[in-house]
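Please look at the structure shown here and follow how its helices pack and how its aromatic rings are arranged.

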Amino acid sequence: MSDESHYSLNSTDVHELTIQLLSQLPLEARGGKVQVEDLLNVLVFAASLRISINQACCDLEGAPTGATVLGELARQLDDLDELEEDLNQLLVKLLLRGLGEKGRRVAIDLVRLPYHGSVQSEHEGEVCRSKATDGTTHFFTYATAYVVLRGRRYTLALCRVRKGDKMVEVLKTLMGRLKTLGVKLSLLLVDRGFYSVSVIRYLIALSQPFIMAATRRGKKADDPGGPTGTFAIAQAKSSYWTSYTLCSTQDGEVSFDLAVVCRNLNGKWDRHEREALLYATFGVRDRSLGWVKKTYRGRFGIEYSHRQLNQARIRTSTRNPALRLLFVGVALVLRNVWVWLHAEVIALPRQG
């Protein structure tokens, strides 16, 4: 008979650990009407079921009203810089064992949440413009750094992206937080939103190997003069390595290795043509092109079809940047709790 220990978790265990973590947020009771535990219970309940605060308050017996909870959270957590720092501390309260033992592949991602309606003056600095999605061109934008360790995706750092922020500075902030945690970077897998001269030049200067999806720029194939820039390269039908120079009127130019990886769509999105995927890289040219594609695809972890953030994000239409940041942070904390419990409590050590 096996002498291995077996563990089980119930909802109470997960709830207690989560409340214990979130209780470190700078929340205070307001008289005898609203207790900190009431606010945290509503937050966790809403996040775990992916419902709104108002719905959570209606479903939870004895909970304050939704307006009261939202009002208290917005009033007490109005310092965005402090809230961002607090959330980053919560994310790393449960670090996975062995995280800093060797170099890790770390993914840098961008998350954009729609901001509907005209941008209020007090929110202007927190709202970024981007390509139209979900009926708007304005978004709350957040950058995250996460590691996929033993098949599990664990968020290590969160940084809000403000209007006018340069992506190289956002990247430096995330990498600085990773350095503080003692995380060694063997390879960075970077979101295409960071594709720029300044970011690529910075990473090459650090001799930091990376793979980054390249944005298609230049004239498109239907232009009378033919395609130019990466649009021209994207016309390729066979995979190959090449050198490419990216130019910017503000930041000059930078040269790097470009991986051109072709694939047949085979009816995906009702398309049957051959498509070229472009990756800006450094330090991995000795690898195969198939490895580049597979490795970059792995940045989505084992939950590609259900992106991590949306698995525990409170539903809301609020345009308050503090509440938006809080809900994003709570979602990431809940995912980290679940990953940590599976890795450190439930999983049985075994060879391989």
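This report treats helix packing, then aromatic rings, then charges over rings.

## Two helices against α10

The model described here is predicted. Two packed helices are described by the angle between their axes and the distance between the axes. Helix α4, which covers residues 66-76, packs with helix α10, residues 321-346, at an angle of about 100 degrees, and their axes are 9 Å apart. Because angles from 65 to 115 degrees count as roughly perpendicular, α4 is roughly perpendicular to α10. On the α4 side the contact is made by Leu70, Leu73 and Ala74, while α10 contributes Leu323, Leu326 and Phe327. Sorted by class, the contact of α4 with α10 has 6 nonpolar residues, with no polar and no charged residues.

Helix α2, residues 36-49, also meets α10, for the two axes come within 10 Å and cross at roughly 70 degrees. The helices α2 and α10 are therefore roughly perpendicular to each other. In this contact Leu43, Val44, Ala47 and Ser48 of α2 meet Leu326, Phe327, Val330 and Leu334 of α10. By class, the contact of α2 with α10 has 7 nonpolar residues and 1 polar residue, but no charged residues. Leu326 and Phe327 of α10 are thus named in the contact with α4 and again in the contact with α2.

## Aromatic pairs

A pair of aromatic rings is described by the distance of the centres and the angle of the planes. The count for this model comes to 5 aromatic pairs. In one pair, the rings of Tyr115 and Phe140 have their centres 5.3 Å apart and their planes at 65 degrees, and since planes over 60 degrees apart count as edge-to-face, this pair is edge-to-face. The pair links distant parts of the chain, 25 residues apart, with Tyr115 in the loop between β1 (104-114) and β2 (128-133) and Phe140 in strand β3, residues 136-149.

Are these two residues buried or exposed? Buried means under 20% relative accessible area, so Tyr115, with a relative accessible area of 0%, is buried, and Phe140, at 2% relative accessibility, counts as buried too. Elsewhere, Tyr195, Tyr244 and Phe256 form one aromatic cluster.

## Charges over rings

Which residue lies over the face of Tyr146? It is Arg153, at 3.6 Å from the ring centre of Tyr146. Another arginine, Arg287, lies over the face of Trp291, at 4.4 Å from the ring centre.

How values were computed
Residues numbered from 1 in each chain as written. Predicted model: local features only at pLDDT ≥ 70, side-chain atom pairs only at ≥ 80, totals over all residues. Heavy atoms only, no water. Axes fitted to C-alpha atoms, helices over the stretch in contact; angles between N-to-C directions. Helix = DSSP H or I, 4+ residues; strand = E, 2+ residues; numbered from the N terminus. Parallel < 35°, antiparallel > 145°, perpendicular 65-115°, else oblique. Contact = heavy atoms within 4.5 Å. Nonpolar A, V, L, I, M, F, W, Y, C, P; charged D, E, K, R; others polar. Phe/Tyr/Trp six-rings, centres within 6.5 Å; stacked < 30°, edge-to-face > 60°. Buried < 20%, exposed > 50% of the residue type's maximum accessible area, 1.4 Å probe, protein only. Lys NZ or Arg CZ within 6 Å of the ring centre and 35° of its normal.
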